[in-house]
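Me: I have some questions about how the labels on this model are justified. Please set each value against its criterion.

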Amino acid sequence: MSIQEMSFTIPAEHEQNIFGEFDANLKRIEKAFRVTMISRSGGMKIIGEPKGIERTERVLNQLLELAKNGNVISEQNVSYAIALCMENKEEAISAIDRDLICHTIQGKPIKPKTLGQKEYVDAIREKMITFGIGPAGTGKTYLAMAMAITAFKNDEVSRIIMTRPAIEAGEKLGFLPGDHQSKVDPYLRPLYDALYQIMGAENFVKNSEKGLIEVAPLAYMRGRTLDNAFIILDEAQNTSPAQMKMFLTRIGFGSKVVITGDLTQKDLPAGQISGLDEACKVLRDVDDIAFSYLTAADVVRHPLVQKIVKAYDAYEAAKAGRKSTGRPVPAQAHFRRKPAEKGTD
């Protein structure tokens, strides 16, 4: 194909945001679409093959719209815009950006950043129980926390309850100093951190003292009925089937539940079945229960985390293939997806 060029205008007030530090965002787009971008005196030239130019223009338009809406353009925004453009879905970025959940205590907006996260947030809104399943960095817990705090502020629920199984990840609780609460607090620290960031430490302490916000190990849920509450069970892959059943049967009237977990990061003893695994099979056809499966494409932490998740997925797929066949799996087979089963992504 012949090399062509076109002009594209980015308002001066948005140039730095869209270009990125040392033009890192432009370089990423250039590499993805095999084009060259030259910025001169307020204008930009895009040079390359017609298809690459067209895709570059579409991505730049999406990034410009994000910038105009007050977003700080991150590496994740650029990478995701490129990925969606490759699938001709880049218009979805605008719909995702319009879905504002709430603001942090510093005023930073909390929104879903990927299609997977948008579907997850919509499922929480629509269903009584939502399972958010996916790898680290996909925002499962953080978005659930934001939805819980929003529901609490809007008087949709009267309290927030967050819980985790206190599973020992290779270490023993007995070696930690202090009383029992001091021993289990480190397991609950990620929940506290998210609460402080979204609600603020002062508001959290005030509502916690009133019993309106509770952060506790899963064992503390036994024997209770939880009415009119937004309940989050985090790290659900570390529950036993009995614990999962116990938790699910605590739910009362007017409550909403989000259960999050990563099926690839279990800390259970060898051979023990995960309650999350079992729940996915038992409850997949139950009305008013949603299963939202997030993938490496939904990772919104540092881009290296996405690469790590993909590398581990490939390794686990290869290892599973060797176990089932007794022979090494060809490299090209590592990334083949099995046909989707009912109730999976």
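Me: Which residue follows H3, and what is the sign of its phi?
Reply: In this predicted model, Gly70 comes after H3, and its phi is positive, near 90°.

Me: How do you know that the span of H3 agrees with its 19 residues?
Reply: The expected span counts 1.5 Å times one less than the number of residues. For H3 (residues 50-68) that gives 27 Å, and the end C-alpha atoms are 27 Å apart, so the two agree.

Me: Which residues of H3 are called buried?
Reply: Buried requires under 20% relative accessible area. Among those in H3 that meet this are Ile53, Val59, Leu60, Leu63 and Leu66.

Me: What makes strand S6 mostly covered?
Reply: Five of the five residues in S6 (residues 129-133) are buried. Ile129, Phe131 and Ile133 point one way and Thr130 and Gly132 the other, with all of them buried. In a regular strand, side chains alternate between the two faces of the sheet.

Me: Why are S6 and S10 called paired?
Reply: Pairing needs at least two bridges. Five bridges join S6 to S10 (residues 256-261), so the criterion is met, and the strands run parallel. Gly132 has Thr260 as its bridge partner in S10. S11 (residues 289-293) also pairs with S6 in the parallel sense, over five bridges, and there Ile129 is partnered by Ile289.

Me: What makes S8 and S11 edge strands?
Reply: The open sheet has six strands in the order S8-S7-S9-S10-S6-S11. S8 (213-217) and S11 each have a single partner strand, so one side of each lacks a neighbour in the sheet. The twist averages 15° from one strand to the next.

Key
Residues numbered from 1 in each chain as written. Predicted model: local features only at pLDDT ≥ 70, side-chain atom pairs only at ≥ 80, totals over all residues. Heavy atoms only, no water. Buried < 20%, exposed > 50% of the residue type's maximum accessible area, 1.4 Å probe, protein only. Helix = DSSP H or I, 4+ residues; strand = E, 2+ residues; numbered from the N terminus. Axes fitted to C-alpha atoms, helices over the stretch in contact; angles between N-to-C directions.
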